[in-house]
Amino acid sequence: MNIKNRLKTRKKEIIAILILVVIAVISFICVRVFVEDAGKYVKVYVNEKLTKTFDLDKDQRYFIETKNGYNLLIIKDGKARVADADCENKICVSKGTISKNDESIICLPHNVVVIIESDESSNVDAVAK
């Protein structure tokens, strides 16, 4: 095979790969935007035990107090976030808001897990998510 034919074949291969990558990216975006299930409940686990369940549709504040410190959970406009905590690294605060099914905020120093679920009666352990 001469060099000209090899270049044509190589170009076709590259174009085919680019088309597949574009299709994959568009599919991923569509799934994230249109298919992902919006959550209905905010569940708070302390030491792997469910301590409180909130409706994601109702604006409210909840002070989570543990033996290691506190976290301030704020639910507003269908989103939940940890607005304040007295842990050293404050990763839970920097996580931002969550609102979709199975999203979570975790504070390891306080052993707190805040998770969004679409079904109030889910029996899945918070650690398994």
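**Charged side chains in a predicted model**

Me: How many salt bridges does the count come to in this predicted model?
Reply: Side chains of opposite charge can pair when their charged atoms come close. Here the rule asks for a Lys or Arg side-chain nitrogen within 4 Å of an Asp or Glu carboxyl oxygen. The count comes to three.

Me: Which residue forms a salt bridge with Arg10?
Reply: The closest N and O atoms of the pair are 3.6 Å apart. The two residues sit three apart in helix α1, so about one helical turn separates them. Arg10 is exposed at 53%, while its partner is partly exposed at 39%. That partner is Glu13.

Me: How many residues apart in sequence are the parts that Lys43 and Glu117 tie together?
Reply: The side chains of Lys43 and Glu117 meet in a salt bridge, 3.0 Å from N to O. Lys43 lies in strand β1 and Glu117 in strand β7, so the pair ties together parts that are apart in sequence by 74 residues.

Me: Are Lys43 and Glu117 buried or exposed?
Reply: Buried means under 20% relative accessible area, and exposed means over 50%. Both Lys43 and Glu117 fall in one class: buried.

Me: What is the N to O distance in the salt bridge of Lys90 and Asp84?
Reply: Lys90 is partly exposed, at 33%. Asp84 is partly exposed too, at 30%. Their side chains meet at 3.9 Å.

Me: Which residues gather in a patch of positive charge on the surface?
Reply: Lys11, in helix α1, is one of them. Lys11 is exposed, with a relative accessible area of 61%. The patch is made of Lys4, Lys8, Lys11 and Lys12.

Terms used. Residues are numbered from 1 along each chain as its sequence is written. This is a predicted model: local features need pLDDT of at least 70, side-chain atom pairs count only at pLDDT 80 or more; totals for chains, interfaces and linings use all residues. Side-chain values use heavy atoms; hydrogens and water are left out. Patches are made of residues with over 30% relative accessible area and no salt bridge: like charges are joined within 9 Å, nonpolar side chains (Val, Leu, Ile, Met, Phe, Trp, Tyr) within 5 Å. Accessible areas come from the Shrake-Rupley method with a 1.4 Å probe; for residues, only the protein chains shown count as cover. Lys and Arg count as positive and Asp and Glu as negative; His and the chain ends are not counted. The place of a charge is taken as NZ of Lys, CZ of Arg, CG of Asp or CD of Glu. Helices (H or I, at least four residues) and strands (E, at least two) are DSSP runs, numbered from the N terminus. Buried means under 20% relative accessible area, exposed over 50%, partly exposed in between (1.4 Å probe, protein chains only).
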